[in-house]
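Hi everyone, thanks for having me today. Let me put the structure up on the screen, and then we can walk through it together.

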Amino acid sequence: MEINWYPGHMAKARRLLIDQLGRVDVVIELCDARLPDSSRNPELVRLARGKKHILLLNKADLAEPNATHGWLQAFRAQGLTAAPYSATAGRPKEILELIGGAAREAVERAAARGMKKIVRCMVVGVPNVGKSTLINRLYGGGIARTGDRPGVTRANQWVNIGPYLQLMDSPGLMWPKLDDQTAARRLCYIGSVKDAVVDLPMLTICLLEDLAAVKPEAVRERFRVEDPSLRGVELLDAVCRGRGFLLKGAQSDYDRCCAVVLDEFRAGKCGRITLEKPPAPAREEDQEKA
Ligand SMILES: Nc1nc2c(ncn2[C@@H]2O[C@H](COP(=O)(O)OP(=O)(O)OP(=O)(O)O)[C@@H](O)[C@H]2O)c(=O)[nH]1
Ligand SMILES: [Mg+2]
């Protein structure tokens, strides 16, 4: 299953984002806390280089808390300012404090010249990670369009959060070419790639297998599969039987099964799950040797 999705609007969005980069003080990068590795676009990471940079592990309400803690430690060990967040429910104050910390020097420099600095932040990340939801949370209303599908935001949008803070919403950016197909597949699970460009039965089988590896009880209980170690189409058939997704003649209804499995995973109905394990913390002896 080869996955590639880079619609024309993204190439344009990338150019417009680069155009605006010179104007911003802080880049707020959102990744998905369920996939802290695969949902970070290396190109956005590169663009943020040299800027004050905040990494939010968004949708933390859907991720497994110990894994989120492990990932935060790993990112902080790399010198990144990283925090977990839930853009649908989190307190705006937490983010405003992070922005305040990141912009402090620039604000103080302006103050030394008798000026009040307007802090400009760019919110970036892969599609569907919650960028516009975060902006709405900080704004306190529905100023930016949101939706549970990729490609909702099509152009940069500046939003004023009071007189001294401006946030720029941006369209989600994928990689121009998805070399890492494991990451690509995982991005499909979280709805960062359009379902229409993938083979849904194959994707659903991969998701069920990945879920079974990380949290077999979710597959057993939610999808009523007695043996989560089943593979391939046998696993999909077991879900169809378990959940009663059957057509006439007791044939599996794969269309319904795929739609339900993907929807339920995306909505967090399988419980809090992180699909990528955090890297093991470096041991002190190893650090001393290095
Ligand atoms: N559970 C949960 N859902 C969230 C969170 N943040 C956003 N969402 C949901 O995720 C979906 C996508 O949110 P958007 O804000 O539109 O995502 P986006 O990054 O702006 O997406 P594009 O504009 O398509 O790139 C929406 O259904 C949001 O309600 C969160 O922290 N937790
Ligand atoms: Mg958006």
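Let me start with a question for you: with which side chain does the side chain of Ser-132 make a polar contact? Have a look while I say one thing about what you are seeing: this is a predicted model. Okay, here it is: the partner is the side chain of Asp-169, at 2.6 Å.

Let's stay with Ser-132 for a moment. You will find Ser-132 in helix H6. The relative accessible area of Ser-132 is 7%, and the cut-off for calling a residue buried is under 20%, so Ser-132 counts as buried. The side chain of Ser-132 also has a polar atom 3.4 Å from the backbone oxygen of Arg-145.

Now, which residues coordinate the magnesium ion, ligand 2? Ser-132 turns up again, through its OG atom, together with Thr-153 through OG1, at 2.0 to 2.1 Å. Ser-132 belongs to helix H6, residues 131-139, while Thr-153 sits in the loop between H6 and strand S5, so this pair ties together parts that are 21 residues apart in sequence. Thr-153 is buried, just as Ser-132 is.

Next, ligand 1. How many residues surround ligand 1? The count is 23, and the closest are Asp-61, Ala-87, Lys-131, Thr-133 and Gly-151. We can look at a few contacts in turn. Ala-87 has a backbone N or O atom 2.8 Å from an oxygen atom of ligand 1. For Gly-130, a backbone N or O atom lies 2.9 Å from an oxygen atom of the ligand. With Lys-59 the side chain takes part: an N or O atom there is 3.0 Å from an oxygen atom of ligand 1. On its own, ligand 1 has 660 Å² of accessible area, and the protein covers 89% of that.

Let me pause on Lys-59, in the loop between strand S2 and helix H3. Lys-59 counts as buried because its relative accessibility is 18%, and the limit is under 20%. Lys-59 has something else to show you, in its backbone. As background, most residues other than glycine have a negative phi. Lys-59 has a positive one, near 60°. Asn-128 is another example, with phi near 70°. Asn-128 lies in the loop between S4 and H6, and with a relative accessible area of 12% it is buried.

That loop leads us to strand S4, residues 119-125. Is S4 largely enclosed or largely open? Six of its seven residues are buried, so the strand is largely enclosed by the rest of the structure. Now look at the strands that pair with S4. Strand S1, residues 26-32, pairs with S4 in the parallel sense over five bridges. If you want to find one of these bridges, go to Val-26, whose partner in S4 is Cys-121. Strand S6, residues 165-169, also runs parallel to S4, and four bridges join the two. Here you can look for Met-122, whose bridge partner in S6 is Met-168.

Met-168 gives us a route to strand S5, where Gln-157 is found. How far apart are the C-alpha atoms of Gln-157 and Met-168? They are separated by 5.4 Å, with their positions 11 residues apart along the chain. Gln-157 counts as partly exposed, because its relative accessibility is 27%.

Finally, let's zoom out. The domain assignment of the protein chain gives domain 1, residues 8-169, and domain 2, residues 199-266. Their C-alpha centres lie 35 Å apart. For a look further along the chain, try helix H8, residues 200-214, where you will find Glu-209. Glu-209 is buried, with a relative accessible area of 17%. The side chain of Glu-209 reaches the backbone nitrogen of Gly-232 at 2.8 Å.

Helix H8 also holds Leu-203, and at 0% relative accessibility Leu-203 counts as buried. Between the C-alpha atoms of Leu-203 and Gly-125 there are 22 Å, and the two residues are 78 residues apart along the chain.

If you take one residue home, make it Ser-132, which contacts Asp-169 and coordinates the magnesium ion with Thr-153. Thanks for listening!

Terms used. Residues numbered from 1 in each chain as written. Chains lettered and ligands numbered in written order. Predicted model: local features only at pLDDT ≥ 70, side-chain atom pairs only at ≥ 80, totals over all residues. Heavy atoms only, no water. Donors = N, O, S within 2.8 Å, 3.2 Å for Na, K, Ca; no water. Buried < 20%, exposed > 50% of the residue type's maximum accessible area, 1.4 Å probe, protein only. Domains from an automatic or database assignment. Pairing = 2+ DSSP bridges. Near = heavy atom within 4 Å. Polar contact = N/O pair within 3.5 Å; in protein donor to acceptor, adjacent residues only side chain to side chain. Areas by Shrake-Rupley, 256 points an atom, 1.4 Å probe, with all protein chains shown as cover.
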